[in-house]
Amino acid sequence: MTKKIAAFCGSLRKESFNKQVLDTMVQLAPDNFDVSVLSIEEIPLYNADIEAEGVPAPVQSFKDQLKAADGIWIVTPEYSASMPGVLKNVLDWAGSMTVENALDQKPVLIAGASPTQQGTAFAQAHLRQTLAACNAYPMQQPQLYIGGVPNKLSGGKVEDEKTNEFLEKAMNDFDTWMETLSK
Ligand code: FNR
């Protein structure tokens, strides 16, 4: 059965390593995945007053695409031993406790890449904590930490056999995770 995946990256940088990992995942995704990569560039800073007056159009569109998805992928860098502020900001909008929680009971695949070896472990731990607060269901295993990432990229995608095998396995496991949760 075709599964709709909404994917986004926690980096706004044009040449983002994490964006390149996400692009590679799209290319390697199982045939039954229909993946849409969502931009978070237009999402304003969260403000409860603005939300109460009416959710801004780019936020509503983002939330609608999350709600329509069977699963969500988040590929993120680590900043200062946590997730980047831009990512936390979109999760605050998406997982709103007052208007509508677009993350409620959504399966989530988390991945992260860093030039350092241990990079994104703290970011991913904090991301799991935030997703738990939003009642989303991040896949437990495998956890996708891609260290030393600049050496694994070429031509805008991951060109490292082991990493690509790891990504493919994780996406197949995510298919099972979505099936399990839908029962
Ligand atoms: C970083 N970087 C970083 N890396 C890491 O592994 N742990 C960390 O805590 C941090 N902290 C951090 C803070 C800030 C403000 C910046 C700008 C960077 C380095 C980071 O992994 C690197 O810049 C990546 O290239 C960012 O990901 P993208 O944009 O390439 O996807």
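**Exercise 1. Two helices that meet**

In which hand, left or right, does H1 pass H6 in their crossing?

*Solution.* Keep in mind as you work that this is a predicted model.
- Step 1: find the two helices. H1 covers residues 17-28 and H6 covers residues 161-182.
- Step 2: look at their axes. Two packed helices are described by the angle between their axes and the distance between the axes. Here the axes come within 10 Å and cross at roughly 65°.
- Step 3: read the hand. The crossing of H1 with H6 is right-handed.
- Step 4: pick out the residues that make the contact. H1 brings Thr 24, Met 25 and Leu 28, while H6 brings Asn 164, Leu 167, Glu 168 and Met 171.
- Step 5: sort them by class. This contact has 4 nonpolar, 2 polar and 1 charged residue.

**Exercise 2. Around the ligand**

Find how many residues surround the ligand, and which are the closest.

*Solution.*
- Step 1: select the shell. The ligand is surrounded by 14 residues.
- Step 2: name the closest. These are Ser 11, Ser 16, Asn 18, Pro 77 and Gly 119.
- Step 3: divide the shell by class. It holds 7 polar, 5 nonpolar and 2 charged residues.

**Exercise 3. Into the nonpolar core**

Work out which members of the largest nonpolar core touch the most other members.

*Solution.*
- Step 1: take the whole core, which has 50 residues.
- Step 2: pick those that touch the most other members: Val 21, Leu 66, Trp 73, Ile 74, Ala 94, Val 108 and Leu 109.
- Step 3: ask which element gives the largest share. That is H6, with 6 residues.
- Step 4: zoom in on Val 108. Leaving out residues up to four places away in sequence, Val 108 touches Ile 72, Ile 74, Leu 131, Ala 136, Tyr 137, Pro 138 and Met 139.

**Exercise 4. Unusual backbone spots**

Find where Ala 81 and Asn 135 lie in the chain, then look at their phi values.

*Solution.*
- Step 1: place Ala 81. It sits in the loop between strand S3 (71-75) and helix H4 (85-94).
- Step 2: check its phi. Ala 81 has a positive value near 60°, though it is a residue other than glycine.
- Step 3: place Asn 135. This residue is in the loop between helix H5 (121-133) and S5, and its phi is also positive, about 60°.
- Step 4: judge exposure. Ala 81 counts as exposed because it has 12 C-beta neighbours inside 10 Å, and the limit for exposed is 12 or fewer. Asn 135 counts as exposed because it has 12 such neighbours inside 10 Å.
- Step 5: turn to the peptide bonds. Gln 141 and Pro 142 are joined by a cis peptide bond, with omega about -5°. Pro 142 belongs to the loop between strand S5 (137-138) and strand S6 (144-146).

**Exercise 5. Two helix residues**

Is Asn 89 buried or exposed, or partly exposed? Treat Ala 68 in the same spirit.

*Solution.*
- Step 1: place Asn 89, which is in helix H4.
- Step 2: count its neighbours. Asn 89 is partly exposed because 16 other C-beta atoms lie within 10 Å.
- Step 3: list its contacts. Not counting residues up to four places away in sequence, Asn 89 touches Ile 43, Leu 45 and Tyr 46.
- Step 4: take one pair. Asn 89 and Tyr 46 are 43 residues apart along the chain, and their C-alpha atoms are separated by 6.1 Å.
- Step 5: move to Ala 68, in helix H3 (residues 57-68). Ala 68 counts as exposed because it has 11 C-beta neighbours inside 10 Å.
- Step 6: add its partner. The C-alpha atoms of Ala 68 and Ala 102 are separated by 9.1 Å, with their positions 34 residues apart along the chain.

Methods
Residues are numbered from 1 along each chain as its sequence is written. This is a predicted model: local features need pLDDT of at least 70, side-chain atom pairs count only at pLDDT 80 or more; totals for chains, interfaces and linings use all residues. A residue is near a molecule or strand if its C-beta atom, placed from the backbone, lies within 6 Å of it. Ala, Val, Leu, Ile, Met, Phe, Trp, Tyr, Cys and Pro count as nonpolar, Asp, Glu, Lys and Arg as charged, and the others, Gly among them, as polar. Axes are lines fitted to C-alpha atoms, for helices over the stretch in contact, and angles run from 0 to 180 degrees between N-to-C directions. Helices (H or I, at least four residues) and strands (E, at least two) are DSSP runs, numbered from the N terminus. A crossing is left-handed if the near helix is turned anticlockwise from the far one by less than a right angle, and right-handed if clockwise. Two residues are in contact if their C-beta atoms, placed from the backbone, lie within 7 Å. A nonpolar core is a set of buried Ala, Val, Leu, Ile, Met, Phe, Trp, Tyr and Cys residues joined through C-beta atoms within 7 Å. A residue is buried if 20 or more other C-beta atoms lie within 10 Å of its own, exposed if 12 or fewer, and partly exposed in between; C-beta atoms are placed from the backbone.
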